[in-house]
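User: Hi! Could you walk me through this model while I have it open?
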Amino acid sequence: MQEYFEQEKNNMLQLLERIVNIDSGSYQKTGVDKVGEILIREFEQLGFIAEVHEVVDRGNNIVLKHKEATTPSVLLIGHIDTVFPAGTVQKRPFTIVGDQAKGPGVFDMKASHVMTLYSLKYLISQNNDAYKNVLIIINTDEEIGSISSRELIEATAKTVKHVLIMEPADVDGNVVIGRKGGGKFFLKLYGISAHSGVAPEKGASAIQELALKIVQLHELTKLEGIHVNVGLVSGGQSVNTIAPYAEAGIDLRFETQEQGEFAQLKILEICNCTENPNIRIEISGGITRPAWKTEGNKSNLFFLIKEAASELNLELVTKYSGGGSDGNFTGNIGIPTVDGLGPRGGNAHQEDEFVIVSSLSERGQLLVKALDRLNK
């Protein structure tokens, strides 16, 4: 099997270069769909049939199933959207430096799709029926909370026995069996402008009101299992004008659903109350991903994959992640889920994001072994 992945290495890297060198930020529908179309054609060559779920303002979500499959019991999920703005590819296109491939979205998570494709291709070449036991969802808006794809993911997951989330692994190759839940809130404050020197008493500062709220919001982080971060702020008209407008983006993370619901109530309570009666506030958003914790810390699915790893002399270690993924949805509804099964690498969402090229073979072999075991 290792020889196969070595033989296909150049083909894998060529495909990876093609899809990395397409800007496909979550809001760039044309680019996201272009990546999806490339992957559809590649999977069709293996006999997979694509069911395209069209989305008006985001990339089209895709479900892949082999033409010979009947009732697949394993669902693989991966996204093709990135966090990077249009023009990023032109500034820093796909490159290979030693054993590292770099470029926007190369690690999170375009390399995973290439690895998955060639793992299934290997199973087919070996006449191993495990490829018939697989459903694949290519998600196009995971980076913004899987808004358009959540319903599809949860409905599809309920038809299978196991879910493998093909998000990338960290440098050490750890897999994820639990993730914090999360939410996004967007706050807009409308005040009254006035000259800050001539008639400041006539104004109502939206920025001052926002500053007071930021302190209160960050205080929620002192509560057990809860973390609140005001990560974006903007506002004002000019330095000598009482600010008539301000806005903020608020991120919420929590370990249990109860904590999340409590924190959401507190955020809304803080944001719906004004210190200055002349300030008007609008608050939108809410919990986007439920909390996911594997019962008993480890599942039978994890131990099966761990045994597969041992055959490859790989030590598989679990971790609990503060970041969200589509595993939050499938794990929360009780479908056995293991996350982080993609290639190794690091620095997701950063300019120096990288994937370890040799791990395409290493983790590809692990996926093959896992799918083989799940088919028995």
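Analyst: Happy to, and keep in mind that this is a predicted model. Let's begin with a sheet: three strands make up an open sheet with mixed pairing, in the order S13-S8-S14.

User: Which strands stand at the edges there?
Analyst: Strand S13 (292–293) and strand S14 (318–321) do; each has a single partner strand, so one side of each is left without a neighbour in the sheet.

User: And in what sense do S8 and S13 pair, parallel or antiparallel?
Analyst: Antiparallel, over two bridges, with S8 covering residues 175–179. If you want a spot to click on, arginine 179 has tryptophan 292 in S13 as its bridge partner.

User: Nice. Switching to backbone geometry, which peptide bond is cis?
Analyst: Have a look at the bond from aspartate 108 to methionine 109, which is cis with omega near -5°. Methionine 109 sits in helix H5, residues 106–125.

User: What about phi at asparagine 127?
Analyst: Phi of asparagine 127 is near 55°, so a positive value in a residue other than glycine. For context, most residues other than glycine have a negative phi, and most peptide bonds are trans.

User: Where is asparagine 127, and is it buried or exposed?
Analyst: You'll find asparagine 127 in the loop between H5 and strand S6 (134–139). Asparagine 127 is exposed, because its relative accessible area is 67% and the cut-off for exposed is over 50%.

User: And asparagine 313, what is its phi?
Analyst: Asparagine 313 also has a positive phi, about 60°, without being a glycine. Asparagine 313 belongs to the loop between helix H9 (300–311) and S14, and with 74% relative accessibility it counts as exposed.

User: Changing topic: how many disulfides are there?
Analyst: The count is zero. Cysteine 271 is in no disulfide, and the nearest cysteine sulfur, in cysteine 273, is 10 Å away.

User: Why is there no bond for cysteine 273 either?
Analyst: Because its closest cysteine sulfur, the one in cysteine 271, is 10 Å from the sulfur of cysteine 273, too far for a bond. The cut-off is within 2.5 Å.

User: Are those two cysteines buried or exposed?
Analyst: Cysteine 271 is buried at 0% relative accessible area, whereas cysteine 273 is partly exposed at 44%.

User: Okay, aromatics. How many pairs does the whole structure have?
Analyst: Five aromatic pairs turn up. In one of them, the ring centres of tyrosine 4 and tyrosine 122 are 5.0 Å apart and the planes meet at 55°, so the pair is tilted.

User: Which parts of the chain does that pair link?
Analyst: Distant ones: tyrosine 4 is in helix H1 (residues 2–7) and tyrosine 122 in helix H5, 118 residues apart. Both tyrosine 4 and tyrosine 122 are buried. Ring pairs also bring in Phe5, giving a cluster of Tyr4, Phe5 and Tyr122.

User: What does the pair of tyrosine 190 and tyrosine 245 look like?
Analyst: That aromatic pair is tilted, at 5.3 Å centre to centre with 55° between the planes. The pair links distant parts of the chain, with tyrosine 190 in strand S9 (residues 181–190) and tyrosine 245 in strand S11 (residues 245–254), 55 residues apart. As for accessibility, tyrosine 190 is partly exposed at 24% relative accessible area, and tyrosine 245 is partly exposed at 24%.

User: Which arginine lies over the face of tyrosine 190?
Analyst: Arginine 280, at 4.2 Å from the ring centre. There is also arginine 92, which lies over the face of phenylalanine 84 at 4.7 Å from the ring centre.

User: Last stop: asparagine 61. Where is it, and is it buried or exposed?
Analyst: Asparagine 61 is in strand S2, residues 61–66. At 2% relative accessibility, asparagine 61 counts as buried.

User: Which side chain does asparagine 61 make a polar contact with?
Analyst: Serine 148; a polar contact of 3.2 Å joins the two side chains.

User: And which other residues does asparagine 61 touch?
Analyst: Leaving aside residues up to four places away in sequence, asparagine 61 touches several residues, including Glu51, Val52, His53, Ile138, Asn139, Ser149 and Leu152.

How values were computed:
Residues are numbered from 1 along each chain as its sequence is written. This is a predicted model: local features need pLDDT of at least 70, side-chain atom pairs count only at pLDDT 80 or more; totals for chains, interfaces and linings use all residues. Side-chain values use heavy atoms; hydrogens and water are left out. Two strands pair if DSSP finds at least two bridges between them. Helices (H or I, at least four residues) and strands (E, at least two) are DSSP runs, numbered from the N terminus. Buried means under 20% relative accessible area, exposed over 50%, partly exposed in between (1.4 Å probe, protein chains only). Rings of Phe, Tyr and Trp (its six-membered ring) pair if their centres lie within 6.5 Å; planes under 30 degrees apart count as stacked, over 60 as edge-to-face and the rest as tilted. A charge sits over a ring if NZ of Lys or CZ of Arg is within 6 Å of the ring centre and within 35 degrees of the ring normal. A polar contact is a pair of N or O atoms within 3.5 Å; within protein, one must be able to donate a hydrogen and the other to accept it, and residues adjacent in sequence count only if both atoms are side-chain atoms. Contact means heavy atoms within 4.5 Å.
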